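The exercises below are meant to be worked through with the sequence and the model side by side. Please attempt each task before reading its solution.

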Amino acid sequence: MDTQRGSLRGKAHKARLKMTPNGRRQLLLERGAAFSKNRIPGLKHVDRHTIVDSDGLSIHTYMVGHAENATATVVFIHGFTLAAEVYYMQVDYLQTFYPNIKSVLIDARGHGATGQVRPELCTIEGTANDVLAAIHEHAPTGPLILVGHSLGGLTALNLVKRADHSLRKRIVGMVLVATSIESLSTQGLPQVLASPLADNIKNAVEAAPNDAQKFRQYATTFLAPTLATAVFQRDTNDEVIDFHAAMIHETPLDTFVGFFDDLQEHDELDAAPALEGLKGYVLAGELDDVTPISQADRICEVWPGARLQIAEGAGHMLPLEAPGILNNAIGNILDGLG
């Protein structure tokens, strides 16, 4: 009986903590050591895993789906401190309902299995180069649909802007998820990164790069729980939140440092001319504090072919928090290919 009461008290305590961001962060701190021990959920049934060269870097890329039968390729571009496997629900959806569609995914520089690169190489233009290398390897021909979440959305815009005529003709659709097109230097994720603690980490790593490892635990103790809990608004499964926190925890410190300035100042407003004639979706979480709905509205102003959809009650992590709205958007584009 005492054991049962203790279990009930624990569940009640947990339920109360989950009601606030600070409470959710406390829960993650209590489980901090377990961040990276359980890598499930994640990508399954990868048909091809290759390492491609991008600016002299070894970028891990993945293909799901049989290349010889593919009628189109969906290219997934993950966000900051995440990895390709964040899209596991979308890949599973395509495997189930669109078996003739190929999925291509990238662990962009500084993330996932690609791992650590020098901070000066961590740029949005650089991640676009990584995606181009993956397309060349896994999808050199046929229609392309780009899906970019957060940093991945900026990357997709950069890629479309820089694409040559042949590649641009192949891009038949795009889904931008919880992303921006203007500088977010005073709000959202860059504001988290500009906090005094994060700034101290940046300065310390730059001053003593050979000693960066000793700052890692200090950084991830703060950053992993903070970023993981700041982006979820719905009552999301604990396993999914832990999975998200694990990806953050595994992100090298050089990646935080390298993307620090780009994430605060980068914009892709000059991509507008390249969006002419392109159809797709802009998805935003109603309660997203990282990339607010105002940014989704701004994207739609410069991209007339986009359809705006809001995920009610959701925050920033739509691929995990509200997978249905993203799955449907991708499915609608594919259905429209005829």
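Thr-81 is buried, with a relative accessible area of 3%, where buried means under 20%, exposed over 50% and partly exposed in between, computed with a 1.4 Å probe on protein chains only. The model is predicted, so that local features need pLDDT of at least 70 and side-chain atom pairs count only at pLDDT 80 or more, whereas totals for chains, interfaces and linings use all residues. Residues are numbered from 1 along each chain as its sequence is written, and side-chain values use heavy atoms, with hydrogens and water left out.

**Exercise 1.** Determine in which loop Thr-81 is found, and compare its setting with that of Asp-55.

*Solution.* Begin with the backbone: most residues other than glycine have a negative phi. Thr-81 has a positive phi near 65 degrees, and Asp-55, also not a glycine, has a positive phi of about 55 degrees. Next, locate them: Thr-81 is in the loop between strand E3 (72-77) and helix H3 (88-97), while Asp-55 is in the loop between strand E1 (48-54) and strand E2 (57-64); helices (H or I, at least four residues) and strands (E, at least two) are DSSP runs numbered from the N terminus. Finally, consider accessibility: Asp-55 is partly exposed at 47%, whereas Thr-81 is buried at 3%.

**Exercise 2.** Establish whether Ser-103 is buried or exposed, and list its contacts beyond four places in sequence.

*Solution.* Ser-103 belongs to strand E4 (residues 101-107) and is buried, with a relative accessible area of 1%. With contact taken as heavy atoms within 4.5 Å, Ser-103 touches Tyr-62, Met-63, Val-64, Val-74, Phe-76, Val-91 and Leu-94, when residues up to four places away in sequence are not counted.

**Exercise 3.** Describe how helix H4 packs against helix H5.

*Solution.* The axes of H4 (residues 124-138) and H5 (residues 151-162) come within 8 Å and cross at roughly 70 degrees; axes are lines fitted to C-alpha atoms, for helices over the stretch in contact, with angles from 0 to 180 degrees between N-to-C directions. H4 is therefore roughly perpendicular to H5, a class covering 65 to 115 degrees, while angles under 35 count as roughly parallel, over 145 as roughly antiparallel and the rest as oblique. Residues meeting across this contact include Val-131 and Leu-132 in H4, and Leu-154 and Leu-159 in H5.
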